[in-house]
Amino acid sequence: MSDFLQFRALSKGYPGVQALADVSFGVARGAVHGLMGENGAGKSTLIRLLSGDQRADAGDILIDGSVQTYASVRDAFEAGVIVIHQELQLVPELTVAENLWLGRFPARAGVLDRKRLLSEVGARLRDVGIDVNPSAKVASLSIGERQMVEIAKAVMLDARVIALDEPTSSLSSKESEILFSLIARLKARGTVILYVSHRLDEVFRLCDSLTVLRDGKLAAHHPDLSRITRDQVISEMVGREITNIWGYRARLHGEVRLKVENLSGDRLPRPIDFEVRAGEILGFFGLIGAGRSEMTRLLFGADSRRTGRVVIDGRAVAPDSPPASIRAGLVLCPEDRKHDGIIQSRSVEENIAISARRLFSPFGLVQPRKEAELADRFIGQLRIRTPSRQQDIVHLSGGNQQKVILGRWLAEAGVRVLVIDEPTRGIDVGAKSEIYALLYDLAAAGMAIVVISSELPEVMGITDRIQVMCGGQITRQFERAAYDEREILSAAFPDTRQSLP
Amino acid sequence: ADVKIGFVVKQPEEPWFQDEWKFAEVAAKEKGFQLVKIGAEDGEKVQSAIDNLGAQGAQGFIICTPDVKLGPGIVAKSAANNLKVMTVDDRLVGADGKPLEAVPHMGISATKIGEAVGQAIVDEVKKRGWDPKTVGAIRVSYDQLPTAVDRVEGAISVLKANGFPAANIFDAPQAKTDTEAALNAATTVLNKHAEIKNWVAFGLNDEAALGAVRATESVGIAPENVVAVGIGGAESAINEFKKPKATGFVGTVIISPKRHGYETAINMYDWVANGKQPEKLILTAGQLALRSNYAEVRKQLGIE
Amino acid sequence: MQSLKKILLGEQGLVVIFALAFVLVSITVPNFLTERNMLGLLQSVVTIGIVSCTMMFCLASRDFDLSVGSTVAFSGMVAVMASNSTGSILLGLLAAITCGAIVGVINGVVIARFRINALITTLATMQIVRGFALISSDGRAVGINDPAFYDLALTRILGVPAPVWVMGLFFVLFGFVLNRTVFGKNTLAIGGNPEAARLAGVNVVTMRIWIFALQGLVCGVAGILLASRITSGQPNAATGLELSVISACVLGGVSLAGGRAAMTGVIVGVLIMGIAENVMNLLNIQAFYQYVVRGMILLLAVLLDNLRVSAATMSRR
Amino acid sequence: MQSLKKILLGEQGLVVIFALAFVLVSITVPNFLTERNMLGLLQSVVTIGIVSCTMMFCLASRDFDLSVGSTVAFSGMVAVMASNSTGSILLGLLAAITCGAIVGVINGVVIARFRINALITTLATMQIVRGFALISSDGRAVGINDPAFYDLALTRILGVPAPVWVMGLFFVLFGFVLNRTVFGKNTLAIGGNPEAARLAGVNVVTMRIWIFALQGLVCGVAGILLASRITSGQPNAATGLELSVISACVLGGVSLAGGRAAMTGVIVGVLIMGIAENVMNLLNIQAFYQYVVRGMILLLAVLLDNLRVSAATMSRR
Ligand SMILES: Nc1ncnc2c1ncn2[C@@H]1O[C@H](COP(=O)(O)OP(=O)(O)OP(=O)(O)O)[C@@H](O)[C@H]1O
Ligand SMILES: Nc1ncnc2c1ncn2[C@@H]1O[C@H](COP(=O)(O)OP(=O)(O)OP(=O)(O)O)[C@@H](O)[C@H]1O
Ligand SMILES: O[C@@H]1[C@@H](O)[C@@H](O)CO[C@H]1O
Ligand SMILES: [Mg+2]
Ligand SMILES: [Mg+2]
C-alpha cells in the first residue's frame, strides 16, 4: 500500500472502556479523510494517539512508510503532525500571538524575539480570515474566535499531517467556509488531513475518503467517498436506518408562555423583545458574536441585566439569579460545555441530578436511589456512552459530556420554558434525532422552547419560527412556512442587512 | 522497676532547652534511669505529652510549660496518669494567678533576670560616662510571651531608677523571636530617632539584643555608642564575644542550664526511686558574663 | 492475590494501607496498642479532628481557611472569660460558639460576596482574630474560675473522654452531610466547577458563606474543648493549626482544586498525623529528628497513595 | 477626571494606588520619608523581596512552595559552616546556593515527576529541611569566623547596602525573565492551562522542576544575605517566611489559580508588607494591635484592588 498515513492494528483502553480495538486504515497523500462515528466511538482517542500525547496499548502509526515512535507532542511536531483537539487548547491569560507560538516561541538565547512574535502572526490571522488583535488576550475572544485562533495555530506550521477534531462545532457557516477554503489550500500542498465531524454535509463536501468507527472498532472504510450515500454512512455509524434526522412534528401552539421585554445588558446594549407560546419551538439563528448567547444569559439571570422584564405565564421572574429563574420554570442549557456545563471530578449521575434533585430531596436529604434512576433513564434515552453512572464526567467523550448536560436540563420536571444554546454541538446523528424527538414531546406537553443554533439546517429543520440576530439585534423573523435558506442567511450578515426590508 | 522520667520543654529548638536536656541526660547516665524528652509548644501538646508519658509507664516528669496558667490542667493530667511532676524555669500558677506551691519548682525569676540586665547596662553606661538623660533605650519586645514582658519590665525598672527618662525608652516589637525580626524592629526605632547618639538595648533573650546590635551596625552607629545586654549566654552570645572586634553587645546574663537540667533530673529520680520529696522551691540566679570574662563564668556555671 | 490487589486499589485503599500501617506500628512499637495510649492518642487529635470536618467542606468547595487556629484560640478565650464574668458556663459556651460563627460569617461574606481571595482574607482575619485574643486578656492566659468547666474534658462516657465522643459525633455528622444531603452535594459541585454550579441553580454565594460560618462555629466548639482540656483560655493556643488541619485533609484525599472529598479519608489523615507524633514520642526520637521523620511520613503517605491510585487508574495522564 | 480614572483602572492601577498611599503615609507619618528610614525599610524586606521573585513563578505555574523559610535558614547555616570549615567564603556561598538548589530540585522532582500534591510535598520538605538545619548545628546558632562575611551585608554602593542592590537586581532580572523570555511565557502558559501547554509541546515536567530549582537557589542567596546581616547562621531563622512571601505575591496580583503574574505587582506587594510593619513601629502601635492593623491593611489592599478591577472590567467571567 502506498498510503501516506497509516494506522496499523491500533488499540487503546481506559479503565472500563476499550476506546480503540485493533483499528487499521490508511490515508493517501493529499487526501482529506473523514473520521466519523457515534459519540464515544473512539475518534478523539485515535487523534490523541496521533498527536503524541498518549501512547497506544498496541499497534503502530506509520507516516510515509516509517513507523512513528514518538513519545511526546513535541516529537509529533518534529514528525510534521499537528492536531487540533476537540476541546480548545488555548491559554486565556496569554495573547493571541503568544498562543499561536506556544511551544515554539521565536527566541534568541531564550529571549523572545518580540518583533517576529507579532509580525508573522498578523499575516497568519489574515490568512485564516479572522479579525482579532494579535496582542489581545485570548480571554477576551468569543468561542468562535478562539476556534479560529486554534485553526490558525495549526496552519502556521508546515505540517505533513493535520488532524482536526470537530473544528466546526463552534463555528458558524461564515467561518466554516473560511476553514473549508483553507483545507482546500492545504490539500493542494499535499498535506494529509484527518477530519472528524458529526456533520454529514461537511464530510461529503470536503472529504475524499472516509472511515467509520463503532465501539472502538473499524466499522467501514471507504477509499472513495463519491461511491456511497449518506444514509449508508449513517447506518454504518448507528447500526440502524435514520431516514429523516429532523423528524419534524407539527404541534398546536397555546397561550404566550414567555414574554421578554426590553432586555438589555452590558454586551447587549440595544433592548430585545420577543414572545414564545406554549408548545412552540422558537429558533435563534445568527453568526458568531451576533449576541444570541448573551441574550440567553441575560434572560436566565446568569449575567446582570441593565433593563428588561421576563414574564412567564403572566408572572414576572425575579431578575438576575439562576435559582430564581429555575424556580419560575425557566432553565438554560449553556453553550460552553467546559466552562459552564460539566462539573469536573463529579460523576455522570451527579452531573445529571444536580439541578433536579431539589425536587425530590425532602429536608435537603438526597435520595440516592432516585438519583440513580434518573441517571439511568437519561443514560439510556440519550444513549450516553459511559462504563457506569459513577464515572467521572471528565473521562467521557466530548459528545457524551454534552449529552449529560442536556440530560441535566431535560431532567427538570415542571419546566415551562427551556432555553438551549447549541444543543447538539458535537453530538452524533443518531443521538441528535433522539434529542429532537424529545424536544417535540416536551413542546407537545406545553413547554415553550428556545433553541439557539449556528447550524442553519438544524434551526430550519426543527423550529416553528426563527428569529435572526445580527449585531445584538433581532433583524428578521421567519415563520416555518416561509423558511428560505438564502434569506435567513442574508438577514444574518451585517453588510447585507441594510439593503433588506 | 526501671525508672523512666520525662522532661517536657516548651521550645525544643531553643539552645537553652537543648542544654537542659543535655544535662538531664548526664543525670540519667549517672543514676541509670531512662529520660524521655518531649517538646510541647502549646497547651494541647502538653496534654498529649503527659498522656504519652503515662502510656509508656514513666513515673514522673519535669516540665517547662509553654504557659504558667496551664497549671491546673497539668496537675490534673499528671494525677490522672499517676505521674509525679516538677517544674523548671517557669512556675505554674492557678486560675487565681497564685503559684501552685504544691508542685516543686526550680527556676529563675524573670523579673530578677531583667533587673540584672538593667543593672549591667547602667554600670556600663556609667563606665562610659554617658548622661542617661541623652541615651536612647530600645526595648525589643515580644509581649505575647508573659515571661518576655516580665524580663524587659525588670530591666526598665532599673534603668528608670538610675535616671533614664521614660520618654527615651522606645518599644521595638518583634514579629517573631528571631534575630531578623529584632533587627527590623530596632532599625525603625533607630531611624525614627536619628538625633540620639548613644543607645542601649535589651530584650527577651540574646537573639533580641543581638538584633538591636545588628540594627545599629546597619545604620552606621559605632560600637562605642551602643550597649546591649542579652539573656541566655548560649552560642549566639558566645559567637559575638569571639568576634575579633568588640561589638555593641557587651554582655549577657547567663542562667545555668546545668543546674536546671541536671539537678531537677536528679531530684526527680530521688523522688521516684527513693521517695525523697524534693525541695518545694529553689531559685537560681543569673550571672553576668562579659566579653572579658565569659569563659570563666561559663566554667563556674559548669557549662563548656 | 487478585482480590488483595482489588481491595488495595479500591476506593477504600487508603484506609486499607492505613490499617496495615497501624498493625505494623502496633506490633513494633512498645506501649502503642494499650488502651491508655489509644485514648491519649485520640485526645491529642481532637482539635485537628474537629476542625478538619469543616475544613473538608471548605477545601471541597475550592476555598481555603487559614484563620482556624486563631479562631480556636479566640473562642477558647471568650468561653473562659464569658464564663468567668457571667458565672454561667452555658452562657460562656454560647458566647464562644457565637464568636466563632461570627468570624466565619465575616470570612464568608468578604470572600463570597466581595470576591476577595480566600487566602488573603483568611490570612488577614487570622491576624486580626489573634490580635483580639491577645488584646482581650493583655496577652496573658486566663484561668477558669468554675472547676465544672474542666468536666467538659474530663467526663468519661463508657471510659472514653467526652471530647473524643464529640469528635466522633462530628465525624459521623459531617460524613453524613457530605454524602447524603443537598448541602454536601452542592459543596462538591461548587468545588468541581463554580460557574457551572451557579448556572445549575446552586446559590453559590450563600453556600460559601454557610460553609465558612459552619467552619467558624466548629472552631468555636474546638476552642471550648481545648480550653477545658488545658484548663485555661490561652491567646497563643493553636498556632499553626491551619497547616495541620489542611495537611490532614489533603492526606485524606481532599483535593485542593475542589470537588473531591471523603470523610473516611479525612479521618485517616487526622489519625496519620496523630499517630506520627505519638509514635515518635513513644520511640523517644530526638526533637530535631522528629522534624525529619514527620516530613518523611507525610511524603511517604502521599507517595503510597499516589502509587495506589496510579496503579488503579492507568489514567490518561 | 476621565484620564485619572483611566490611570487608576489601567494595568498599573495597583501601582498608582500604592503611590498615592505612599504619599499619604509620607505626609502623615513623621520620620517616614527620611533616607535612613527608607534604607531601613528596604533592608527589612530583602528576604521577602528576593524569595518573592521566584515564588511568583511558582504560583504563576499553579504550584505552591511552603519550604522557602526552612531553605533560607538551612542554606544560611550551610554558608556559615562551610565558610568556617573551608576558610573560604566563596566556597561557603557556593555550598549554600547548591544546597538551596538541591532542595528545590527535590521538591520539583517529587511534585512534577511523581505528581505529588505541592502543598503536601513542600510541607514535608519544610519540616525535613528545618530538621536538617537544626541537626547540623545541634540547634545552635553558628558564628562566622571570617569577618569579611559581614561585608556582604554592610558594603554600600552609592550609599545603598548591597542586599538592597541584590534585591533590586533580582526584581529586574526576574521581571525580564517573566515578560521577555520563553521561560516566563511558558510558566504563565502552564499556570493558565497546563493541558494546553502540554499539548503545545511545552515540557511541563521539566519546566516545573526548573522553577522549583530556581526557587531553591534563590532561597540560597536569601539565606546567605540573611546570615551576613545577622552575622551568624541561625537554624530558627525565617520561620513563617512562606506565608509572608505568598501574601506579598497575592497582594501583588499573582493568581493562586495560576497564569497571572506581574513583577511590578509583586514589588508593590512586598513594599506594602514592609511599609505596614515600618509605619506601625514608627507610630508606636502596641504589639497586640499590630496584629489587627496588619490584618486590616491586608484586607484593605485587596479590597481596593478588587474595586478597581471590577470597575475596570465589567467582564462576564
Ligand atoms: N481518560 C479517559 N478515561 C476513561 N475513559 C476515557 C478516557 N478518555 C476517553 N475515554 C472513553 O473512551 C471512549 C472513546 O472516547 P473518544 O473521546 O475517543 O470518543 P469520540 O469518538 O471522540 O466521541 P465524541 O464524538 O463524543 O467526541 C469513550 O467511551 C470515553 O468515555
Ligand atoms: N468572554 C467574553 N469577553 C468579551 N467579549 C465577549 C465574550 N464572550 C463574547 N463576547 C462578545 O460578545 C458579543 C456577543 O457574543 P455571544 O457569545 O453572545 O454571541 P453569539 O451570537 O451567541 O455567538 P456565539 O455563536 O459565539 O455564541 C460578541 O461580540 C463577542 O465577541
Ligand atoms: O523561655 C525562656 C528560655 O528562653 C530560657 O531563657 C529559660 O527560661 C525560659 O522561660
Ligand atoms: Mg471526540
Ligand atoms: Mg452562542
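This report walks through two ligand sites and one helix end in a predicted model.

**Ligand 2**

Let's start with ligand 2, which has 16 residues around it. The closest are Gly291(A), Arg292(A), Ser293(A), Glu294(A) and Glu335(A). Which chains build this site? Residues from chains A and D surround ligand 2, so the site is shared between chains.

Within chain A, the picture can be split by domain. Domain 1 (3-238) and domain 2 (254-329 + 415-494) both give residues to the shell, so ligand 2 lies between them. If you go by helix instead, α9 of chain A (residues 292-300) gives the most to this shell, namely 3 residues.

As for chemistry, the shell around ligand 2 breaks down into 4 nonpolar, 6 polar and 6 charged residues. Oxygen atoms of the ligand pair up with several chain A residues. Gly289(A) comes in through a backbone N or O atom, 2.8 Å from a ligand oxygen, and Glu294(A) also uses a backbone N or O atom, at 2.7 Å. Glu335(A), on the other hand, brings an N or O atom of its side chain to 2.8 Å from an oxygen of ligand 2. On its own, ligand 2 has 620 Å² of accessible area, and the protein covers 82% of that.

**Ligand 3**

Now over to chain B. Ligand 3 sits among Lys10(B), Gln11(B), Glu14(B), Trp16(B), Asp89(B), Asp90(B), Thr147(B), Arg151(B) and Ile255(B). What kinds of residues make up this shell? They sort into 2 nonpolar, 2 polar and 5 charged.

Three side chains have polar atoms close to oxygen atoms of ligand 3, and here are the distances:

| Side chain | Partner | Distance |
|---|---|---|
| Lys10(B) | oxygen of ligand 3 | 3.1 Å |
| Asp90(B) | oxygen of ligand 3 | 3.2 Å |
| Arg151(B) | oxygen of ligand 3 | 3.1 Å |

How much of ligand 3 does the protein cover? The figure is 97% of the 270 Å² of accessible area that the ligand has on its own.

**Helix α17 of chain A**

Away from the ligand descriptions, there's a neat detail at helix α17 of chain A, which spans residues 485-492. What caps the N-terminal end of α17(A)? That job falls to Asp484(A), with a side-chain oxygen 3.0 Å from the backbone nitrogen of Arg486(A). Further along, the buried residues of this helix are Ile488(A), Ser490(A), Ala491(A) and Ala492(A).

Conventions
Residues numbered from 1 in each chain as written. Chains lettered and ligands numbered in written order. Predicted model: local features only at pLDDT ≥ 70, side-chain atom pairs only at ≥ 80, totals over all residues. Heavy atoms only, no water. Buried < 20%, exposed > 50% of the residue type's maximum accessible area, 1.4 Å probe, protein only. Helix = DSSP H or I, 4+ residues; strand = E, 2+ residues; numbered from the N terminus. Polar contact = N/O pair within 3.5 Å; in protein donor to acceptor, adjacent residues only side chain to side chain. Near = heavy atom within 4 Å. Areas by Shrake-Rupley, 256 points an atom, 1.4 Å probe, with all protein chains shown as cover. Nonpolar A, V, L, I, M, F, W, Y, C, P; charged D, E, K, R; others polar. Domains from an automatic or database assignment.
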